[in-house]
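Please find below my notes on the ligand site and on the enclosed space in this model, set out as numbered points for your consideration.

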Amino acid sequence: MTLPPHATLTIGVLREQAADEQRVGLTPDSAARLVAAGHAVVVESGAGARAWFRDDEYESAGAAVGPRATVLDAGDLVVCLHPSAVLHALSPRHIVLGLLQPLLDPQLMARMAEAGVTALSFDTLPRTVSRAQSMDALTSQASVAGYKAALVAADAYGGFFPMLTTAAGTTKPATVLVLGAGVAGLQAIATARRLGAVVTAFDVRDSAQSDIRSLGAQVLDVGVTVQSEGGYARQLTAEEQAELTDRVADSVGRFDVVITTAQVPGRPPPLLVPERALQLMHPGSVVVDGAAGDFGGNVEGSKAGHTVVTPSGVTVIGAGALASQVPRAASTAYARNVAALVAYFTRSGSFAVDLDDEVQAGLVITHGGRVVHPAVRALLEGTS
Ligand code: NAD
């Protein structure tokens with residue numbers, strides 16, 4: 001394994017450790033782009049295998065391939081999807097980049113600061129700043145996840161999504177309800193519509209209604225919406241959330257398929273489909289909880305990576321890492337976000353952190369042995 005002697009930055013790519021993670025942080029295409037820009041890339045052997053990227057493709061792109069220890073030894077910037085891929089071997093010379101979920105796990109960020117690591121997380125990128133959009137991994141991955149959520153639902157549903165007319169008669173199209181109409185939800189709506197379903201959707205942000213209609217879906221009116229805050233839904237008060245859950249529950253029984261994608265940044269996902277709503281659904285109906293993960297989900301009792309059939313015959317799928325289930329497309333998009341971020345941080349010729357820059361201030365969580373991101377620091381100090 002040989003690395004160019006005068007590379008600007010050596011970017012290390014690790015194989016993800018989580019059993020359900022098939023993505024890789026950098027693809028051969030993006031590696032070639034980074035090498036052309038003067039960086040060195042070193043990839044852990046087999047890192048891309050589960051997304052169908054072979055070691056020799058990375059080598060042809062100008063990257064070196066080697067064992068994990070070599071990647072950690074040579075890499076300045078270590079790219080991952082989840083922090084579990086990197087946690088045990090970091091030193092102060094490392095810059096770590098991933099979807100680190102700093103607002104949900106601030107203690108992990110405190111440990112990274114103690115280790116002297118510079119941690120950059122895509123989760124806290126200021127997404128509405130236009131120069132940040134090429135780095136928006138939340139959007140690229142949510143888009144893949146929403147697409148897959150609709151496919152998972154169609155696959156589990158025992159009927160057709162489209163209306164079909166045959167010599168034996170006509171079948172009705174499936175009725176699909178999408179809860180949460182952000183990036184993932186809109187992609188789920190579009191995909192379910194392309195498959196021929198009749199789609200209705202709800203989002204608590206009032207501004208989402210026009211997005212839903214623009215995709216040809218109907219808006220479920222439950223009489224509860226809030227103004228967006230910086231483009232996002234705010235966390236509802238306990239009373240508001242209880243009222244919303246109640247009203248959504250009353251509607252859920254009308255649908256063959258429910259897909260949920262509701263999230264509040266830095267908070268556990270809101271409960272939208274309680275046990276009571278599942279009982280109102282007919283046997284054979286399907287619920288895909290696209291928000292199910294380590295920090296909860298939108299459907300009562302759903303668990304990431306698990307499918308259960310309720311006593312009344314409703315299939316509840318805790319979808320878990322949906323983007324990971326389309327690993328080639330998701331990795332390709334993520335790798336482009338990584339390459340854009342590297343270009344942004346190395347504009348001056350070498351890697352430089354500038355916390356006066358709005359985009360960098362959003363991305364940088366730890367630096368110089370400190371947690372520097374204000375929202376993460378507030379969580380650690382108990383002032384948020
Ligand atoms: P997200 O993943 O945080 O949340 C998904 C959706 O869940 C959101 O639309 C949110 O309103 C909704 N939600 C939250 N609580 C809910 C509840 N109790 N009931 C129903 N729905 C609930 O959000 P996201 O998809 O990443 O994006 C949110 C918004 O930001 C969207 O409007 C999106 O278009 C916008 N956005 C803008 C840019 C940009 O300007 N470049 C980039 C990305 C996203």
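**Notes on the ligand site and the cavity**

1. In the contact with Arg127, an N or O atom of the side chain is 2.7 Å from an oxygen atom of the ligand. Please keep in mind while reading these distances that the model is a predicted one.

2. Two further polar contacts deserve to be listed beside that one. Gln133 places a polar side-chain atom 2.8 Å from a nitrogen atom of the ligand, whereas Gly182 takes part through its backbone, with an N or O atom that lies 3.1 Å from an oxygen atom of the ligand. On its own the ligand has 830 Å² of accessible area, and the protein covers 83% of this.

3. As for the wider surroundings, the ligand is surrounded by 26 residues, and the closest of these are Arg127, Gln133, Val183, Asp203 and Arg205. Sorted by class, this shell around the ligand comprises 13 nonpolar, 9 polar and 4 charged residues.

4. How many cavities of 30 Å³ or more does a search of the whole structure find? The search returns 1 cavity at that cut-off, and the space in the largest cavity comes to about 40 Å³.

5. The lining of the largest cavity is made up of Arg15, Glu16, Glu21, Gln22, Arg23, Gly46, Ala47, Ala49 and Arg50. By class, the residues of this lining divide into 5 charged, 2 polar and 2 nonpolar, while the shell around the ligand has 4 charged residues alongside its 9 polar and 13 nonpolar ones.

Methods: Residues numbered from 1 in each chain as written. Predicted model: local features only at pLDDT ≥ 70, side-chain atom pairs only at ≥ 80, totals over all residues. Heavy atoms only, no water. Near = heavy atom within 4 Å. Polar contact = N/O pair within 3.5 Å; in protein donor to acceptor, adjacent residues only side chain to side chain. Areas by Shrake-Rupley, 256 points an atom, 1.4 Å probe, with all protein chains shown as cover. Nonpolar A, V, L, I, M, F, W, Y, C, P; charged D, E, K, R; others polar. 1 Å grid on protein atoms, 1.4 Å probe; cavity = no way out; pocket = protein on both sides within 12 Å on 5 of 7 lines; lining within 4 Å. Points joined across faces, edges and corners; volume = space filled by probe spheres on them.
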